[in-house]
Each structure stands twice: as structure tokens, then as C-alpha cells.
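Here is a friendly walk through one protein, from its overall build down to a loop. Keep the sequence and the 3D view open as you read.

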Amino acid sequence: MADIARDDDVIEIAAPPRFGMGERVISRSVIRNDGTYTGRDIGEVLVNKGEIGYVRSIGTFLQQFYIYAVEFVDSRVQVGMRAKELCTLDHLPPEVIALLQERLGDDVARLNDLR
């Protein structure tokens, strides 16, 4: 088993969790099975980059990091993820929504899905 990579200078749990229960989030990267997801091969893709999920619970790891149990509806999986692997879709700043609206153009339905 690979060594656990720790960011020793970062203690996430000293601050409140970045995401809340039920919050809609998007995966910032591809998530592969590291051997902890039963029924799937090691290295198999569990979640694709850009997939939307919902935070179902919040735990901690190594008394240092928050781990968010995120349920991804399209993949039908629930995986534990760190905050750096996620981005909120429910609490986007107005300037980000404006930028997305520029890029999406007339596709208002997609923009409304992000609010």
C-alpha cells in the first residue's frame, strides 16, 4: 500500500468544514478506486471530472482533514473526498455566475442548474 501523503502544515479541522450536508458539489478530478471501494477493481474510475454529487456526511481523517462522503447520482457511487477535490455549485459568487453566463450564452437552463 502506498504511503499516505500528508500536508503537514495544513490542519483543515481547525476551521469549519468548507461544504455542508446536502450541498451540491462538482468533482474537480477523476477519482479512481484506491482499493477501499469494494466490488470494483483497483484503479477503476469511480467518478469522472465534472460529475455532480451531493455531500451526504462529513468526517475527519488523521485528525487533520475533513473527508466529505459525496453521493454521485450518475455514477451511483458514494466516495470520500477532500475539499481540494471538490467545488461547490450551491454557493457560487455572483462574479463566477456572471462568467458562466457569458460562456453558456442562451443556455439559461444549464445556468439555473448551477444556482
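The secondary structure of this protein comes to two helices and seven strands, in a model that is predicted. Going along the sequence, the elements follow the pattern β-β-β-β-β-β-β-α-α. Of the 115 residues in the protein, 29% are buried. The exposed surface comes to about 7800 Å², and carbon and sulfur atoms supply 50% of that area. Among contacts with a separation of 6 or more, 54% are between residues 24 or more positions apart.

**The sheet**

Five strands form an open sheet in the order β6-β5-β4-β1-β7, with antiparallel pairing. Strands β6 (77-81) and β7 (86-88) stand at the edges with a single partner strand each, so one side of each is left without a neighbour in the sheet. From one strand to the next, the twist averages 45 degrees.

Have a look at where β7 meets its partner. Strand β1, residues 24-27, runs antiparallel to β7, and three bridges join the two. In this pairing, isoleucine 26 stands opposite cysteine 87 of β7.

**The loop between β2 and β3**

Now turn to asparagine 33, which lies in the loop between β2 (31-32) and β3 (45-47). Aspartate 34 is found in that loop too. Which of these residues is buried and which is exposed? Asparagine 33 has a relative accessible area of 3%, under the 20% cut-off, and therefore counts as buried. Aspartate 34 has a relative accessible area of 55%, over the 50% cut-off, and so counts as exposed.

What does asparagine 33 touch, leaving out residues up to four places away in sequence? The list is Arg40, Asp41, Ile42, Gly43, Glu44 and Leu46.

The side chains of asparagine 33 and aspartate 34 also take part in polar contacts, set out here:

| Side chain | Partner | Distance |
|---|---|---|
| Asparagine 33 | Backbone nitrogen of threonine 36 | 3.3 Å |
| Asparagine 33 | Backbone oxygen of aspartate 41 | 3.3 Å |
| Aspartate 34 | Side chain of threonine 36 | 2.5 Å |

Threonine 36 thus appears with both residues: its backbone nitrogen lies 3.3 Å from a polar side-chain atom of asparagine 33, while the side chain of threonine 36 makes a polar contact with the side chain of aspartate 34.

How far apart in space are aspartate 34 and valine 45? They are eleven residues apart in sequence, and their C-alpha atoms are 9.8 Å apart.

Conventions. Residues are numbered from 1 along each chain as its sequence is written. This is a predicted model: local features need pLDDT of at least 70, side-chain atom pairs count only at pLDDT 80 or more; totals for chains, interfaces and linings use all residues. Side-chain values use heavy atoms; hydrogens and water are left out. Two strands pair if DSSP finds at least two bridges between them. Helices (H or I, at least four residues) and strands (E, at least two) are DSSP runs, numbered from the N terminus. Axes are lines fitted to C-alpha atoms, for helices over the stretch in contact, and angles run from 0 to 180 degrees between N-to-C directions. Buried means under 20% relative accessible area, exposed over 50%, partly exposed in between (1.4 Å probe, protein chains only). A polar contact is a pair of N or O atoms within 3.5 Å; within protein, one must be able to donate a hydrogen and the other to accept it, and residues adjacent in sequence count only if both atoms are side-chain atoms. Contact means heavy atoms within 4.5 Å. Accessible areas come from the Shrake-Rupley method with a 1.4 Å probe; for residues, only the protein chains shown count as cover.
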